[in-house]
Amino acid sequence: MRTNTTTPQRTAIQLGGFVPFSASDYPNHLVCVAFIQGCNWRCGYCHNPHLQSRQPHPMAPQWADITDFLQQRQGLLDAIVFSGGEPTMDPGLPAAILEAKSIGFKIGLHTTGAYPNRFKEILPHIDWVGFDLKSSWAHYHDVILHQQPIEMVQRSLALLLDSHCDYEIRSTLHSGLHQPEHLLEMAQNLAAYGVQDWVIQNFRTDGCIDPELLYAPHEPQKILNEDVLQTLKAYVPNIQIR
Ligand code: SF4
């Protein structure tokens with residue numbers, strides 16, 4: 001009699017980098033960070049432009065090595081964070097999340113919300129999401145170069161807020177991309193979703209390869225002074241500036 005033997009399927013996820021220790025990628029957690037290769041949004045201020053292409057890097061870490069690492073770090077790290085690039089672009093992400101979870105790790109995710117269907121699939125298995133809000137809905141394409149329909153981001157944001165997952169909504173500002181009126185619209189957009197907390201981060205030059213943003217003077221005080229901040233807080237009461 002013939003017996004059916006099934007070979008366990010290997011998780012295929014395309015990594016572009018791995019950081020074995022971080023205390024700043026998931027609030028109050030010690031984590032490692034797996035960077036997924038690929039993001040087609042092409043933001044000028046991107047810190048990781050080498051991760052934008054979906055082309056595999058010959059020296060890229062392999063997921064099997066990461067799971068070995070996780071086995072050895074049980075009890076020493078709290079979580080693995082999937083970052084990028086845009087992690088939800090990768091069809092291997094759900095399997096990788098389940099595998100890391102089965103080893104005993106909490107799961108963090110950095111995302112733009114670009115792929116709401118995959119986001120919906122993985123959300124029940126995620127413990128914390130850092131959600132990047134790029135601009136007001138009306139000015140999103142001032143920041144992202146890809147003609148992504150904004151409805152995709154709105155769907156992901158709604159899914160996140162309807163879930164029981166912890167999250168942080170954060171936005172990176174550059175005075176060449178954002179104006180005070182854009183910030184006001186962002187606050188109003190967030191208030192419409194019932195969001196109470198918002199992290200605003202200033203543009204940093206590391207990794208940025210866009211000369212227009214790199215060499216144009218970034219003048220945060222022009223877009224976010226105390227008066228603007230108080231106006232924003234009328235819509236989103238808890239705003240943290242980083
Ligand atoms: S969404 Fe993030 S990873 Fe993608 S291009 Fe923009 S900053 Fe870079």
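In this tour helices (H or I, at least four residues) and strands (E, at least two) are DSSP runs, numbered from the N terminus, and a crossover is called right-handed if, with the strands pointing away from the viewer, the path from the first strand over the helix to the second runs clockwise. The model is predicted, and local features need pLDDT of at least 70, side-chain atom pairs count only at pLDDT 80 or more, while totals for chains, interfaces and linings use all residues. Residues are numbered from 1 along each chain as its sequence is written.

**Stop 1: strand E2 and its partners**

Begin by selecting E2, helix H1 (residues 63–72) and E3, which together make a right-handed β-α-β unit. Keep E2 and strand E3 (residues 79–83) on display, and you will find them paired in the parallel sense over five bridges, where two strands are said to pair if DSSP finds at least two bridges between them. To place the register, pick Val33, which stands opposite Val81 in E3. Then add strand E1 (residues 15–22), which runs antiparallel to E2 and is joined to it by five bridges; here Leu15 is the residue opposite Ile36 in E2.

Now color E2 by burial, where a residue is buried if 20 or more other C-beta atoms lie within 10 Å of its own, exposed if 12 or fewer, and partly exposed in between, with C-beta atoms placed from the backbone. Because six of the six residues of strand E2 (residues 31–36) are buried, the strand is largely enclosed by the rest of the structure. Showing the side chains separates Val31, Val33 and Phe35, which point one way, from Cys32, Ala34 and Ile36, which point the other way, and all of them are buried.

**Stop 2: the nonpolar cores**

In soluble globular proteins, nonpolar side chains tend to be buried together. A nonpolar core is taken here as a set of buried Ala, Val, Leu, Ile, Met, Phe, Trp, Tyr and Cys residues joined through C-beta atoms within 7 Å. The largest such core in this model has 51 residues, of which Ala34, Ile80 and Leu190 touch the most other members. E2 gives the most to this core, with six residues. Apart from it lies another core, of six residues, and Cys43, Tyr45, Val143 and Ile144 are among them.

Select Ile80 next and look for its contacts, two residues being in contact if their C-beta atoms, placed from the backbone, lie within 7 Å. Not counting residues up to four places away in sequence, Ile80 touches Val31, Cys32, Ala34, Leu70, Ala100, Phe105 and Ile107.

Move on to Leu190, which lies in helix H6 (residues 180–192) and counts as buried because it has 23 C-beta neighbours inside 10 Å. Its contacts, leaving aside neighbours within four places in sequence, are Ile169, Val195, Trp198, Tyr235 and Val236. A distance between the C-alpha atoms of Leu190 and Tyr235 should read 7.8 Å, although these residues are 45 residues apart along the chain.

**Stop 3: helix H8**

Ile223 has its place in helix H8 (residues 220–223), and it is buried because 20 other C-beta atoms lie within 10 Å. Leaving aside neighbours within four places in sequence, Ile223 is in contact with Leu173, Ser175, His178, Gln179, Pro180, Leu183 and Val228. The C-alpha atoms of Ile223 and Leu183 are separated by 8.1 Å, with their positions 40 residues apart along the chain. Lys222 is also found in helix H8, but it counts as partly exposed because it has 13 C-beta neighbours inside 10 Å.

**Stop 4: the ligand and the loops**

Which residues surround the ligand? Select Cys39, Trp41, Arg42, Cys43, Cys46, Asn48, Gln52, Gly84, Gly85, Glu86 and Thr112 to display them, a residue being near a molecule if its C-beta atom, placed from the backbone, lies within 6 Å of it. By class, this shell has four nonpolar, five polar and two charged residues, where Ala, Val, Leu, Ile, Met, Phe, Trp, Tyr, Cys and Pro count as nonpolar, Asp, Glu, Lys and Arg as charged, and the others, Gly among them, as polar.

Within the shell, zoom in on Gly84 and Gly85, which are joined by a cis peptide bond with omega at about 15 degrees; Gly85 is found in the loop between E3 and helix H2 (93–103). Arg42, in the loop between E2 and H1, has a phi near 55 degrees, a positive value in a residue other than glycine.
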